[in-house]
Amino acid sequence: MTNHMSSQDNIQRTVLPIPDQPHVGLTTYDAKDPDTKYPPIQELRPPKGAPNVLVVLIDDVGFGASSAFGGPCHTPNIEKLAANGLKYTRFHTTALCSPTRQALLTGRNHHSVGMGGITEIATGAPGYSSVLPKNKAPLPMTLKLNGYSTSQFGKCHEVPVWETSAMGPFNQWPTGGGGFEYFYGFVGGETDQWYPGLFEGTTPVEPPKSPEEGYHLTEDLTDKAILWTRQQKALMPDKPFFMYFAPGATHAPHHVPAEWSDKYKGKFDAGWDKLREETFARQLKLGVIPADAVLTERAKEIPAWEAMPENLKPILRREMEIYAGFLEHTDHHVGRLIDALRDLEILDDTLIYVIIGDNGASAEGTLNGCFNEIAVLNGMSALETPEFLMSKIDKFGGPEASNHYAVGWAHAMNTPYQWTKQVASHFGGTRNGTIVHWPNGIRGKGEIRSQFSHAIDVAPTILEAAGIPHPAFVNGIQQAPIEGTSMLYSFNDAKGADRHETQYFEMFCNRGIYHKGWTAVTRHRTPWETGAVKLPAFDDDVWELYDTNTDWTQSKNLAKQNPQKLHELQRLWLIEAVKYNVLPIDDRMAERFNADLAGRPQLIKGKTQMLFGGMKRLGELAMVVMHNKSYSVTAEVEVPKAGAKGVVLTVGGLTGGFVLYAKNGKLKHCYNFFGIKEFFAEGAKPIPAGKHQVRMEFKYDGGGLAKGGTVSLFVDGKKDGEGRVDMTVPMAFGTETCDVGVECGSPVTTDCPPEGSRFSGTVNWVQIDLEKDDHDHLISPDERFKIAMARQ
């Protein structure tokens, strides 16, 4: 419905919030006067017939992963939805998480809404600022202001990094300016599935139980989503809801209970090349690719399975078993949510999108994969020798791991297409299988739709299904047009001509253009190359040309045969790039991770930071940087008569970090080097009862990255102990947080476990001071680049 006023309710819905309608008529003096007449207060509701809406967005899943699209990972609940709904085989994303999510929630191209990359590399350029323009209000805001109940569960990676602390501002948080009335999840690119950093609304909260008690984030998110749905229908049964369910699964780290991954033991022994062939055969049989489709060749940059060392293959197989179990586990919990809708008898009247991946499968796990992705991100992958990995094989997927799979598996998960996540030029990075289920609005069951579509098409589809016009004004700001195309026309017309005929792509300067079946593409950089890589000039990038009207998988490069067509599409890409704020394209990396050079605000400035008791769940971007330099931690504590025990300050967790704490009354310090080795220092005497000042000084050896140093402990200014740290984490401790007076998340050391971590007395304040000579002048440009990459 595109008219400005709903024919169902005669409510003007193009100006939001909908303006109040003041009473016009006789005002009597006495309410008992028979002439006293006022209309009853009307509750705001959407137009009659507006459905409930559930959008499920799974993380980092390729087209060839789910069994619904021929993949090896069993997703029976997604298959059930598909059997009673539609499979979209040409649905596309942006090739990266933040951009896809912002595009999905606004109905605009990712550069149009400032999300040309992840939030951590925002620049001052409009297409890359991570700041949502006020004239492009998100879909949940439009729905809420039209009478929908709105909620989000899971990942939010659209908040500018300088606004991610507990003090906001919350303009781009889900329950701030995002339009959601309720949010339970995490803010950032990834989180630990066993020890997540959670928010309820904008308040940091802790998981309801520990991993030992059976906790897993996906189950927790599903429990909360089911509870919210039941409560919403119990209290407001006549009011439809919009729910955005975006679990962190299956983004790394790949965490799943062992019983799920054990189902796949031996299933991937033949390797990723054979897996691609098997998946391709299943896809042909299912009809999700046409009969004349071609399995694309593996790029030379991706090693063949046979080329991998034999002593590494047991680990490689286990990586894929873990991932497959993770995706099936995710499907199970999506199924629980669907079952809850069925139990409430609202499933048929709920428009459901299940988008299987916000981009293609991730090739960010290196050519070998890893046990601790934090070590890899810190440039320390050499620590993970085959011998080390074999010693950890039984711990992959568990609470002690932060594992990711090898590039070859990611490529196989994107069968039949070329390349992976980040590579927006090719369908391996952008084409994601999608299910749409809505029995009350879709006549067909188990049908396939091949119309070209994109994440920006979801918002206009939902608005049309709900009979709600795109608003002209929101909160007094005139709105820019929606850039997507409603998919509603295709719900009951399998042969309907494509309406989304042109779409540009760009991510990390990997570029592409789709127009009426033709694609022109160029790959500028490779996802797993993280050093100071020498990149070609943009004008030297090699373009490829494909006619996907006859070549579904982009397998036959026609650039040499049809240079005129290639030129036309290159020019069209440039026109679209100008239209949607893609320019200037930017392949700088170290500069973009540096806030000052990139031109974005920085939350913490200077060389001193003050914290207070009770502050917790502070991410590293909310902290001064303590890597590769000398620093001190000073705290004022009040010790009870029973003695000192527990955390004073902790930074990081089991994958790397440090903790200043008390045990048996004595001051202690532990530095955890990537979970491989712990270094301790301990005071000589118990801290007396009463108010005291405790201090830890770390004197860095200098001479480059990851060097060691000496830890000195002080109580009331007097030296109380000393210890050595032989090596340090050079760049980032990962997704774990900083906490004062307690350990939230995974423990830095089992010597100070979370269940007994709260300080026995009071931690009044903590001050962190960086030494003025922080050895930055000794760090090479290449090392600076690695630091920038890791701190995302």
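**View 1. F153 meets its bridge partner F245 in strand 9 of this predicted model.** Let's start with one pair of residues and work outwards. Strand 9 covers residues 241–246, and six bridges join strand 5 to strand 9. The two strands run parallel.

**View 2. Ten strands come together in one open sheet.** Strands of a sheet pair through backbone hydrogen bonds, either parallel or antiparallel. Here the pairing is mixed, and the order reads 8-7-6-5-9-2-10-11-3-12. Strand 8 (203–205) and strand 12 (447–449) are the edge strands, each pairing on one side only. If you like a number for the twist, neighbouring strands of this sheet are turned by 20° against each other on average, with direction ignored.

**View 3. Strand 10 sits between strand 2 and strand 11 in the sheet order.** On one side, seven bridges join strand 10 to strand 2 (residues 52–58), and this pair runs parallel. A handy place to look is N52, whose bridge partner in strand 10 is T350. On the other side, strand 10 pairs with strand 11 (residues 434–437) over four bridges, this time in the antiparallel sense. Here V354 stands opposite I435 of strand 11.

**View 4. Strand 10 is mostly covered.** How many residues of strand 10 are buried? Seven of its seven residues, spanning 350–356, are buried. Follow the side chains along the strand: T350, I352, V354 and I356 point one way, while L351, Y353 and I355 point the other way. Both sets are buried.

**View 5. Helix 2 lies across four strands.** These are strand 2, strand 5, strand 9 and strand 10. For those who enjoy geometry, helix 2 runs at about 170° to strand 9. Helix 2 itself spans residues 97–106.

**View 6. The largest cavity has a volume of about 120 Å³.** Rolling a probe the size of a water molecule over the atoms shows where empty space is left. A search of the whole structure finds six cavities of 30 Å³ or more. Which residues come closest to the centre of the largest one? Of the 15 residues that line the largest cavity, these are Q102, L105, E158, Q172 and G178. Helix 2 and strand 5 (149–156) each supply at least two residues of the lining. By type, the lining divides into eight nonpolar residues, six polar and one charged.

Methods: Residues are numbered from 1 along each chain as its sequence is written. This is a predicted model: local features need pLDDT of at least 70, side-chain atom pairs count only at pLDDT 80 or more; totals for chains, interfaces and linings use all residues. Side-chain values use heavy atoms; hydrogens and water are left out. On a 1 Å grid over the protein atoms alone, a cavity is a set of points where a 1.4 Å probe fits but cannot get out, and a pocket is an open set with protein on both sides within 12 Å along at least five of seven lines; lining residues have an atom within 4 Å of a point. Grid points are joined across faces, edges and corners, and a volume is the space filled by probe spheres set on the points. Ala, Val, Leu, Ile, Met, Phe, Trp, Tyr, Cys and Pro count as nonpolar, Asp, Glu, Lys and Arg as charged, and the others, Gly among them, as polar. Buried means under 20% relative accessible area, exposed over 50%, partly exposed in between (1.4 Å probe, protein chains only). Two strands pair if DSSP finds at least two bridges between them. Axes are lines fitted to C-alpha atoms, for helices over the stretch in contact, and angles run from 0 to 180 degrees between N-to-C directions. Contact means heavy atoms within 4.5 Å.
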